[in-house]
Amino acid sequence: MMRLPHLRRWRTKKANLYALIITLSILIIGSYALWSRQTWAQLTPYYTQWHQSLMLDIRSTVDLPVPTAKEQSVVSARLKAISLRIEGDQHAVCGVHSLIQWQQNIIPTFKNTRADCQKIVASVVDFQKQLAKIIAYDNDDQALAGILSTVPQMSEVAEDAMEARMTAWDNTAKNIEKMKVSDAFKLTQQTASKHSMAIKIAWADIIAAHQAKDKQKYLAAQNSLAAAIDDFNEVSNTSQQSVAVLAGDLEKAFRSASTD
Amino acid sequence: MCMMCSVTYATVGAGLLAFSPGVPSTTATTSPQTLTSQVASLQRLPSAIAAFKMPTLTEPQWLKDQNATELAAAQAKKAPISRVVTYDVMTKGAITASFAEFRTQANATLNDGRGWTRLGVSFHEVASGGDFTLVLSEASQMTSFSSGCGVDYSCRAGRYVIINQDRWQGATPSWNNAGGSLSDYRHMVVNHETGHWLGHGHASCSGAGQPAQVMQQQSIDLQGCAFNAWPTASELWSSQLGITV
Ligand SMILES: [Zn+2]
């Protein structure tokens, strides 16, 4: 009998503890459910916003006025930034926390939401792959233009300067040969290399005819040089054709990425 | 880390969602043509390559010597002048080139020992009523002589030997690109058009590296031949004058 108040206290404590555990459990489960619901509900607006702001980014770059030589680097930099943004975001956009990811296996709506998101990301990634090709081509184009710009252009060449012209073109051909380029640029590189070599050979022929004082050969070699310089335009044509193919693929990928 | 976990939903919801109708489709479409042109405009190569031009090669001394020797030999072989061909000169349209220079240079070309004088003729400019009329014409007026004449090149139409002012002043792109000089072009064009009056049609390049015949259309294409402003030995005849050499 003496122990009765103690037992009553203990029972009360136990009841309180149960109540606390139940309350906490309800709170935790409720919060988890609320968090899950909110996360899944926000996925669609989240990736939609991501997609739209990306498309807006692309559009604002495309809508820039066709760049002058000075502005080309601005457009290039923006295309690179877009490509990097997609690369950086692609694995994260459709991600949901691992604690709730399992829910897509039992709730079809969640599964569909995630699948829709992944479909959009996949088409954007396809676009990024094409964009990366263009960016690589653009880098190669700049590098080759840089090599070609090192050949000094002269309106008049004296006989003692002919050797230097031949050497300049010989170096140019070698430097072009050495370039490590993207697959799409290889044809342009080969064409440039071939025509640089043709110009170098024409200069060598002029020098040989000059040394031999052979007028017919000298005039013929001069014509060959003129033809070789003229033929160098094939490099521009080849490059323009390669870019047209890449741009066509990019355009297709963009259309697909922007309407999915 | 997933983006949904690292970004607070609140920031997503606010301003940026203004673009979002809440469905995963977008209105941010772009004219594909613009995308293509933007990408195409990034190329540096075309402008880098456009800078390549055939330079003029300074004539080496040995070549000058050879040319002088050939000229002297040609003049030594010059057929005795037995006939005088007269021509009068006029202009057509708006002329900006020096007409006096045109007359002087054309006469010098016609009477050059390397030229048609090798037929045994000399060319005398007269005030009017010449055997033919040499014309310096504004390019746009070329077609007024004959529908067969175009604004791009010089021409011969009947008694008119017409030199296109644009060509007189600037030769042709293919000639310039091949490194030809303006003075050689002027010799060539006067000899060529006069050649038509003398009875010649057009000739083709006889072989790569060979001097072009003056009646070849060198203004358009050298066809692998070397420039030549003067009639070759095989061209020394004139049905107009009844001369066979
Ligand atoms: Zn003709």
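**Gln38(B) and the interface between chains A and B**

Gln38(B) sits in α3, a helix of chain B. The model examined here is a predicted one, and this glutamine offers a convenient way into it. With a relative accessible area of 3%, Gln38(B) counts as buried, because the cut-off for that class is under 20%. Its surroundings belong to chain A: beyond its neighbours within four places in sequence, Gln38(B) is in contact with Thr61(A), Val62(A), Leu64(A), Pro65(A), Val66(A), Pro67(A) and Val75(A). Val62(A) also takes part through its backbone, since its oxygen lies 3.1 Å from a polar atom of the Gln38(B) side chain.

Stepping back from this one residue, the wider contact between the chains comes into view. Chain A brings 82 residues to the contact and chain B brings 61 residues. Together the two chains bury an area of about 6,400 Å², with 67% of that area coming from carbon and sulfur atoms.

Polar features accompany this. Between chain B and chain A, 14 residue pairs are in polar contact, counting pairs in which both residues reach pLDDT 80 or more. On the chain B side, at least two residues each come from α1 (3-6), α2 (9-13), α3 (32-40), α4 (45-50), β1 (56-57) and α5 (61-76). The greatest contribution is that of α3(B), with seven residues, and this is the helix that holds Gln38(B). By residue type, the side of chain B that touches chain A comprises 38 nonpolar, 20 polar and three charged residues.

Charged pairs also appear at the interface, where two salt bridges are found between chain B and chain A. In one of them Arg44(B) is joined to Asp138(A), and their closest N and O atoms are 3.0 Å apart.

The chains are linked through strands as well. β1(B) pairs with strand β1 of chain A (residues 156-157) in the parallel sense, over two bridges. Within this arrangement, Thr56(B) of β1(B) has Glu156(A) standing opposite.

Finally, a look at chain A itself helps to place these features. Chain A contains eight helices and one strand, and its elements follow the order α-α-α-α-β-α-α-α-α from the N terminus on. Of the 260 residues in chain A, 44% are buried. Among contacts in chain A with a separation of 6 or more, 78% are between residues 24 or more positions apart.

Technical notes. Residues are numbered from 1 along each chain as its sequence is written. Chains are lettered from A and ligands numbered from 1 in the order in which they are written. This is a predicted model: local features need pLDDT of at least 70, side-chain atom pairs count only at pLDDT 80 or more; totals for chains, interfaces and linings use all residues. Side-chain values use heavy atoms; hydrogens and water are left out. Contact means heavy atoms within 4.5 Å. Buried area is the accessible area (1.4 Å probe) that two parts lose on being put together, summed over both. A salt bridge is a side-chain nitrogen of Lys or Arg within 4 Å of a carboxyl oxygen of Asp or Glu. A polar contact is a pair of N or O atoms within 3.5 Å; within protein, one must be able to donate a hydrogen and the other to accept it, and residues adjacent in sequence count only if both atoms are side-chain atoms. Helices (H or I, at least four residues) and strands (E, at least two) are DSSP runs, numbered from the N terminus. Ala, Val, Leu, Ile, Met, Phe, Trp, Tyr, Cys and Pro count as nonpolar, Asp, Glu, Lys and Arg as charged, and the others, Gly among them, as polar. Two strands pair if DSSP finds at least two bridges between them. Buried means under 20% relative accessible area, exposed over 50%, partly exposed in between (1.4 Å probe, protein chains only).
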